Amino acid sequence: MNPERRNALLTMLFGAGSVGLRSLATGIPASILLNPRKAFAAGDAGIPQAAIQPQFVIFSTSGNGDPVGCNAPGTYDDPNIAHSSDPSMASTPITLGAATSKAAKVWSSLAPSVLAQACFFHHATYTVIHPDEGKVLRMMGSVAGGEMLPSMLGRELAPALGTVRAQPISLSGSFSEAIYFQGAPQPLLTPTSLSSVLSSPTNGLGAVDLVKLRDQDLDSLNALAKSEGRSAQGTFIDQYATSTTQLRTLQQGLLGSLSMLKDNSPDSQIQAAIILFQMKVTPVVVVHIPFGGDNHGDPGLATEVADHQTGVATLANMVQLLSSAGLQNQVTFAMMNVFGRTMIAGANTNGRQHNNAHHMSLLIGPNIKGSVVGGVAPAGPGQEYQALAIDSATGTGSASGDITFADTFGAMGKTLATAVGLPDATVENNILNGKVVQAALAT
């Protein structure tokens, strides 16, 4: 990697003046380091508060329109929905917290504790066009100001999480899934490029004396507080400050994790996302976990089967990595793709076509309750399946649901935004239609 690109990436990751490294070293949010006088004046009032602990977000998306919604809970009650004959796709009861639903057997391989925090949310994306991925990320106009959903989440979560930047970072490396923030395209990174930059022996993470950096910043902050007669602010600083032992353990752990990034696979994307969260670089990381791809021609749905097996395994690995990093209660996963796939039996055994009327988003996190929200039904006799309207109180799919078919996508976005800790008013101001489905929330 040439020096100019390396320096540009370091600036993107750590901000001007390497404030991100200083934040990592001290444990103090970047916003406080950049303007300590303002933070001291605000005191505890300057610490963002939320009814739900704000979450980092791993946001998986695919411009391929993967068939993940075709074998999920909510699609096995109707015998006219096509599934592969592979044993991993056999109808199997799975327990989602207090509820039980039938799904492809592969989903049962997730631990009960994971399924208890997993919501399978059926809705529509209202398009069948691959290049509409950007529009779908903007929820087809439902996000205020034309912002993308992951970008809106990043903008609103950054102050509470104390990250260096609000803009999401995409690790998929795919231009078809490019992320825009306030109209500006964001850089496309890969796990290996991230590892190359942060593992550099000259200016990477291992080349920095974080303990020295920590002591310098803490001394400076304490001196400022003393000079301004704010002795009480010592407690304000101490509530954030990282101990020397904690810092050395964190630095070695991050370097060890970076050394494991040998490729750009979904597992590596997840590992890289966790590293970025540990370093408080960004609130939202965008990844790509395949679940069948654009499988028009897929004899026996073999690719769909294989990708479900590896995709679910990646989710299980993600949960273990989060636990090892101590982030199991601080990260929410969401998967939202450009559109769903056709499901009617007899026409979808060797491939599936695009479906604008049904898609399934997967949400997993500590504020999510194990559930199936919405459902599917034929659009008419002999016609393809579409998402049902939703009862906002129960989450049940029903033709009489108060969340209409046209608002199911917005409802998913509002439910996710609430689950990651955005206040009700912020959710309402930023997602313009739909309702929060309380039955999908753990709190």
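Is Cys70 buried or exposed? Hi everyone, let's start there. This is a predicted model, and in it Cys70 is buried, with a relative accessible area of 1%.

Now, what about a partner for that cysteine? The closest cysteine sulfur to that of Cys70 belongs to Cys119, and the gap is 17 Å, which is too far for a bond. For anyone who wants the reminder, a disulfide is a covalent bond joining the sulfur atoms of two cysteines. To be called a disulfide here, the two sulfurs have to lie within 2.5 Å, so at 17 Å Cys70 and Cys119 don't make one. Looking from the other end, Cys119 is in no disulfide either, and its nearest cysteine sulfur is the one in Cys70. Cys119 is buried too, with a relative accessible area of 0%. For the structure as a whole, the disulfide count is zero.

Let's stay with Cys70 for a moment, since this residue also helps line the largest cavity. How many cavities of 30 Å³ or more are there? The count comes to one, and the largest cavity holds about 30 Å³ of space.

Who else is on the wall? Alongside Cys70 you'll find Asp66, Pro67, Val68 and Gly69, and then, from further along the sequence, Gly340, Arg341, His358, His359 and Met360. Two strands each give at least two residues to this lining: strand 10, at 340-341, and strand 12, at 359-364. As for chemistry, the lining splits into four nonpolar, four polar and two charged residues. Cys70 counts among the nonpolar ones, while Asp66 and Arg341 are the charged pair.

That's my tour, thanks for listening!

Methods
Residues numbered from 1 in each chain as written. Predicted model: local features only at pLDDT ≥ 70, side-chain atom pairs only at ≥ 80, totals over all residues. Heavy atoms only, no water. 1 Å grid on protein atoms, 1.4 Å probe; cavity = no way out; pocket = protein on both sides within 12 Å on 5 of 7 lines; lining within 4 Å. Points joined across faces, edges and corners; volume = space filled by probe spheres on them. Helix = DSSP H or I, 4+ residues; strand = E, 2+ residues; numbered from the N terminus. Buried < 20%, exposed > 50% of the residue type's maximum accessible area, 1.4 Å probe, protein only.
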